[in-house]
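Trainee: Please show me how to read a helix packing and a buried side chain.

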Amino acid sequence: MDDQDDSSNEVDLAIGSRVCQVPKDNSEHGSSKVVPKTEPLCDSDYSSLVDVKPRPLPALRPEIPDLKNIHSSPAINWAGGNWQDSSRKSAFQPYRPTTLLTNLQRGNTQTQTPVIEKEEVSLHERAGQGEITEAELKQEGKIDSPDENGLTPLMWSAAYGQLSAVQLFLKHGARIDARGPEGETALLLASAAGHHDIVKLLLNGGASLNHCDDVGNTALMYAAHGDHPHCVNELLLRGADFTVSNESGDTAYTIVVRNNSQLAQAVIENHLLTLIG
């Protein structure tokens with residue numbers, strides 16, 4: 001009799017090849033009885049254990065302050081120094097920058113553009129900058145006039161490598177072998193700076209090739225000292241004397257050796273080899 005009652009409390013459901021047992025409602029106790037199983041639970045077992053019906057959320061009611069006592073609360077004082085603008089009393093007050101009129105807006109200052117006075121540039125400085133025109137040279141009375149240091153405009157243009165200015169001066173009859181206070185000429189200055197094109201132009205114009213300054217230095221020595229191989233080669237091809245020595249007893253070759261002017265030294269040595277061969 002007991003076995004029959006126990007079997008009546010369980011219902012067997014065939015799902016595939018496995019049997020799941022779902023407990024029946026017990027009318028005597030009014031609750032569900034879960035029978036422990038050694039096998040994994042099926043979907044119907046989970047439905048009996050978990051209540052899947054959604055529960056209603058509790059009503060959310062914001063706390064409303066008592067309007068009767070709102071005026072009794074102390075007033076809030078905003079410190080103006082805490083803000084960017086000291087005139088602002090609240091964070092919600094719009095920022096209004098103060099309006100300041102400048103003197104120019106009031107018309108208290110003159111709006112005229114000042115006139116910049118042009119500084120007068122000498123002929124020698126313009127020759128060094130290459131800003132010489134043929135019309136200006138025609139208006140110049142003496143194009144060979146020296147400056148306060150005794151240098152002519154042709155020397156300025158030759159020293160700064162202004163080829164077009166040198167051409168204009170030679171065209172208008174500038175003295176090509178004019179000497180400075182220490183015996184320097186335009187050819188010596190151009191050779192010392194390494195301006196090969198001007199060296200060629202002055203040699204073509206008849207400049208003295210082996211002229212020496214007051215201490216005995218030639219254009220070849222200046223070019224060798226500055227390690228300017230193109231100028232050295234041009235002077236040697238034109239017949240410059242490389243055996244001349246200055247007051248210190250130095251020649252062009254000893255100068256390149258002492259100063260480690262390797263490019264100029266190679267040019268002189270190649271020239272000597274061609275003379276020997």
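Mentor: We take a helix pair, then two residues. This is a predicted model, where local features need pLDDT of at least 70, side-chain atom pairs count only at pLDDT 80 or more, and totals for chains, interfaces and linings use all residues. Residues are numbered from 1 along each chain as its sequence is written, and side-chain values use heavy atoms, without hydrogens and water.

Trainee: At what angle do α11 and α13 pack?

Mentor: Axes are lines fitted to C-alpha atoms over the stretch in contact, and angles run from 0 to 180 degrees between N-to-C directions. Helices are DSSP runs (H or I, at least four residues), numbered from the N terminus. Here α11 (residues 229–237) and α13 (residues 262–276) pack at about 25 degrees, with axes 8 Å apart. That makes α11 roughly parallel to α13 (angles under 35 degrees).

Trainee: Which residues make the contact?

Mentor: Contact means heavy atoms within 4.5 Å. Helix α11 brings P229, V232, N233 and L236, while α13 brings L263, A264, V267, I268 and H271. By class, seven are nonpolar, two polar and none charged.

Trainee: Is A264 of that contact buried or exposed?

Mentor: Buried means under 20% relative accessible area, exposed over 50%. A264 has 0%, so A264 is buried. Leaving aside neighbours within four places in sequence, A264 touches A224, D227, V232 and V256.

Trainee: Where is H211 found?

Mentor: H211 sits in the loop between α9 (196–204) and α10 (219–225). At 8% relative accessibility, H211 counts as buried too. A polar atom of the H211 side chain lies 2.8 Å from the backbone oxygen of G183.

Notes. Helix = DSSP H or I, 4+ residues; strand = E, 2+ residues; numbered from the N terminus. Parallel < 35°, antiparallel > 145°, perpendicular 65-115°, else oblique. Nonpolar A, V, L, I, M, F, W, Y, C, P; charged D, E, K, R; others polar. Buried < 20%, exposed > 50% of the residue type's maximum accessible area, 1.4 Å probe, protein only. Polar contact = N/O pair within 3.5 Å; in protein donor to acceptor, adjacent residues only side chain to side chain.
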